[in-house]
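Welcome, and please open the model in your viewer with the sequence panel alongside. We will go from stop to stop, selecting as we go.

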Amino acid sequence: MSKLTNALINHFNVSQLDLDKGETYQNRNGGRLEIILVNMGCLTEDDLAPLYCDVLEYPLFDSSQWNEWKPDKFPLEDLSFLKSKNWVLLQVIENSWVLACKDPLDLDVIQYLQKRDVEAKIYVGTESELQSFIFEIQA
């Protein structure tokens, strides 16, 4: 059993029948299984952040840990691209970046970070947590 399947069954109470339906759909039409399960109503959007944290072993984003955070002067090109993908750049120390996002599997961002030779620490958050954080820092 894959780590994803194990997490879906044991931590998110997705039934084997729903997994089989999702995998059948995935085999016919492509797509990511967790997104298919959201569309089927087996998971919620807010389930995705803890699921990714569990499967990918990324920390869960908690905006209270960043209460004192102030945006640094990051390169505008990086900020624009990441913002367009709903990623938040939290810290840059040379080629080590700390980021927060709701979708850590976004291939465009992964490739972007690889091209920039960035060592990334990624926090995963729910859309509401990230939007709330962004709203607070813009206020």
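The tour below starts with the whole chain, moves on to two helix pairs and ends at a cavity.

**Stop 1: the whole chain**

Keep in mind that this is a predicted model. Show the protein chain as a cartoon and you should find seven helices and three strands. Following the sequence, their order is α-α-α-α-α-β-β-α-β-α. If you draw a box along the principal axes, the C-alpha atoms fill roughly 50 × 30 × 20 Å.

**Stop 2: α1 and α2**

Select residues 3-10 for helix α1 and residues 16-29 for helix α2. Two packed helices are described by the angle between their axes and the distance between the axes. Here the axes come within 10 Å and cross at roughly 140°, which makes α1 oblique to α2. Turn the view to look through the pair, and the crossing of α1 and α2 is right-handed.

Now show side chains at the contact. From α1, pick Thr5, Leu8 and Ile9; their partners in α2 are Gln16, Leu19 and Glu23. Coloured by class, this contact between α1 and α2 has three nonpolar, two polar and one charged residues.

**Stop 3: α2 and α3**

Keep α2 selected and add helix α3, residues 33-40. What angle do α2 and α3 make as they pack? The angle is about 115°, and the axes of α2 and α3 are 9 Å apart. The crossing of α2 and α3 is right-handed.

For the contact, select Leu33, Ile36, Leu37 and Met40 in α3. On the α2 side they meet Asp18, Leu19, Lys21, Gly22, Glu23, Tyr25 and Gln26. By class, the contact of α2 with α3 has six nonpolar, two polar and three charged residues. Leu19 and Glu23 of α2 may look familiar: they meet α1 and also meet α3.

**Stop 4: the cavity**

Rolling a probe the size of a water molecule over the atoms shows where empty space is left. How many cavities of 30 Å³ or more does a search of the whole structure find? The search finds one, and the largest cavity holds about 50 Å³ of space.

To see the lining of this cavity, select Glu45, Leu48, Ala49, Lys102, Gly125, Thr126 and Glu127. Then highlight helix α4, residues 45-56, which gives the most to the lining, with three residues. Coloured by class, the lining has two nonpolar, two polar and three charged residues.

Definitions and conventions:
Residues are numbered from 1 along each chain as its sequence is written. This is a predicted model: local features need pLDDT of at least 70, side-chain atom pairs count only at pLDDT 80 or more; totals for chains, interfaces and linings use all residues. Side-chain values use heavy atoms; hydrogens and water are left out. Axes are lines fitted to C-alpha atoms, for helices over the stretch in contact, and angles run from 0 to 180 degrees between N-to-C directions. Helices (H or I, at least four residues) and strands (E, at least two) are DSSP runs, numbered from the N terminus. Angles under 35 degrees count as roughly parallel, over 145 as roughly antiparallel, 65 to 115 as roughly perpendicular and the rest as oblique. A crossing is left-handed if the near helix is turned anticlockwise from the far one by less than a right angle, and right-handed if clockwise. Contact means heavy atoms within 4.5 Å. Ala, Val, Leu, Ile, Met, Phe, Trp, Tyr, Cys and Pro count as nonpolar, Asp, Glu, Lys and Arg as charged, and the others, Gly among them, as polar. On a 1 Å grid over the protein atoms alone, a cavity is a set of points where a 1.4 Å probe fits but cannot get out, and a pocket is an open set with protein on both sides within 12 Å along at least five of seven lines; lining residues have an atom within 4 Å of a point. Grid points are joined across faces, edges and corners, and a volume is the space filled by probe spheres set on the points.
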